[in-house]
Amino acid sequence: MEHADSGTLSDLTALRDQVSKFLMRYRFGVAEVETKLNILREEFSLVDGYNPIESISVRVKTLESVLEKAARKGVELDLDAIKSGLSDIAGVRVICSFVSDVYRIVELLTSQDDITVLEVKDYIANPKPNGYRSLHVILEVPVFLSGGPEQVRVEVQFRTIAMDFWASLEHKTYYKYDTQVPQHLIDGLTEAADAASHLDETMERLHHEVRDYAPPERTIGV
Ligand code: 0O2
């Protein structure tokens with residue numbers, strides 16, 4: 001076994017510390033966005049007795065996955081280049097019950113003073129050709145470190161339960177077949193995407209009808 005000299009070891013230790021510090025900022029970024037969403041969620045529940053957010057999940061890409069994506073996108077393998085070249089190192093996924101809730105939460109989050117919106121991809125208004133629907137917002141949120149505030153880029157994906165159901169199955173399918181997906185499964189997924197979209201429309205309509213319904217006043221003792 002070869003022994004690393006002390007110079008190499010200290011270089012490696014410094015690199016490891018640099019990488020953990022780099023990824024740590026993204027963990028703080030997703031925590032900030034998650035807190036903002038939890039505040040909205042709790043306020044809605046308390047004030048309106050209604051919860052527009054079904055679930056929130058967060059993740060920070062592993063170093064391996066960051067390097068793999070950087071290589072795939074032709075981004076230089078240097079932390080500064082990766083920082084500006086990749087937008088989804090930090091990811092938050094918000095699942096809402098209805099499409100109207102998606103737009104409402106997007107508006108309430110992105111209009112906050114400390115949030116800077118860099119890009120919005122509305123795949124709900126304009127679904128991808130395979131039927132993928134979701135609304136993606138790439139934003140920057142400040143995290144307050146000992147050396148001062150730093151802007152951290154976070155990708156927030158908003159979707160309904162039906163969109164999420166479809167996207168997870170589609171993702172699993174492509175992962176399993178490694179892009180060689182049989183045509184009948186592609187057709188099935190297209191059909192399922194239409195069904196999910198139809199379900200969202202129907203649920204939205206029923207939801208509005210139930211919400212706006214005023215029960216007739218009950219008369220007692222007659
Ligand atoms: P993961 O593991 O979910 O993070 P990008 O490749 O992100 O730089 P792109 O493709 O323009 O550029 O970004 P887009 O369209 O906003 O998609 C980014 C993420 O959205 C993907 O991340 C997926 O999470 C999701 N997504 C986009 N299109 C599809 C789709 O057709 N099906 C499914 N299931 N998910 C989709 P990653 O990095 O691919 O994967």
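**A mixed sheet, its helices and a bound ligand**

Strand β2 is mostly covered, with 6 of its 7 residues buried. This strand is a useful place to enter the structure, which is a predicted model.

Two neighbours flank β2. On one side, β1 and β2 run antiparallel and are joined by 7 bridges. Within this pairing, valine 58 has valine 92 of β2 as its bridge partner. The other pairing is with β5: here the two strands run parallel, and 6 bridges join them. One of the residue pairs is formed by isoleucine 95 and its bridge partner in β5, arginine 159.

These pairings belong to an open sheet of 5 strands, arranged in the order β1-β2-β5-β4-β3, and the pairing in the sheet is mixed. At its edges stand β1, residues 53-60, and β3, residues 116-122, each of which pairs on one side only. From one strand to the next, the twist averages 25°. Further along the order, β4 (residues 135-145) meets β5 (residues 148-160) in the antiparallel sense, over 11 bridges. In that pairing, isoleucine 138 has glutamate 155 of β5 as its bridge partner.

Helices pack on this sheet. Helix α1, which spans residues 6-48, touches β1, β2, β4 and β5. The direction of helix α1 makes about 175° with that of β1. Helix α5, residues 161-177, also packs on the sheet and touches β1, β2 and β5. The angle between the direction of α5 and that of β5 is about 90°.

Alanine 162 offers a closer view of helix α5, in which it is found. Its relative accessibility is 11%, and because buried means under 20%, alanine 162 counts as buried. Apart from residues up to four places away in sequence, alanine 162 touches Ala196, Leu199 and Asp200. Cysteine 96 lies 66 residues away from alanine 162 along the chain, and the C-alpha atoms of the two are separated by 9.5 Å.

A second residue to consider is lysine 69, which is placed in helix α2, residues 63-72. Lysine 69 has a relative accessible area of 17%, so it too is under the 20% limit and is buried. Leaving aside neighbours within four places in sequence, its contacts are Lys61, Leu86 and Asp88. Lysine 69 also leads to the ligand: an N or O atom in its side chain is 2.9 Å from an oxygen atom of the ligand.

The ligand is surrounded by 17 residues, of which the closest are Lys73, Tyr123, Asn130, His136 and Glu170. For asparagine 130, an N or O atom of the side chain is 2.8 Å from an oxygen atom of the ligand. Glutamate 170 instead faces a nitrogen atom of the ligand, with a polar side-chain atom at 2.7 Å. On its own the ligand has 740 Å² of accessible area, and the protein covers 70% of this. Two elements, β5 and α5, give two or more residues to the shell around the ligand. The largest share, 3 residues, comes from α5.

The description thus returns to the sheet. Strand β5 pairs with β2 in the parallel sense and with β4 in the antiparallel sense, and β5 also contributes to the shell around the ligand. Helix α5 packs on the sheet and gives that shell its largest share of residues.

Definitions and conventions:
Residues are numbered from 1 along each chain as its sequence is written. This is a predicted model: local features need pLDDT of at least 70, side-chain atom pairs count only at pLDDT 80 or more; totals for chains, interfaces and linings use all residues. Side-chain values use heavy atoms; hydrogens and water are left out. Two strands pair if DSSP finds at least two bridges between them. Helices (H or I, at least four residues) and strands (E, at least two) are DSSP runs, numbered from the N terminus. Axes are lines fitted to C-alpha atoms, for helices over the stretch in contact, and angles run from 0 to 180 degrees between N-to-C directions. Contact means heavy atoms within 4.5 Å. Buried means under 20% relative accessible area, exposed over 50%, partly exposed in between (1.4 Å probe, protein chains only). A residue is near a molecule or strand if one of its heavy atoms lies within 4 Å of it. A polar contact is a pair of N or O atoms within 3.5 Å; within protein, one must be able to donate a hydrogen and the other to accept it, and residues adjacent in sequence count only if both atoms are side-chain atoms. Accessible areas come from the Shrake-Rupley method with a 1.4 Å probe; for residues, only the protein chains shown count as cover.
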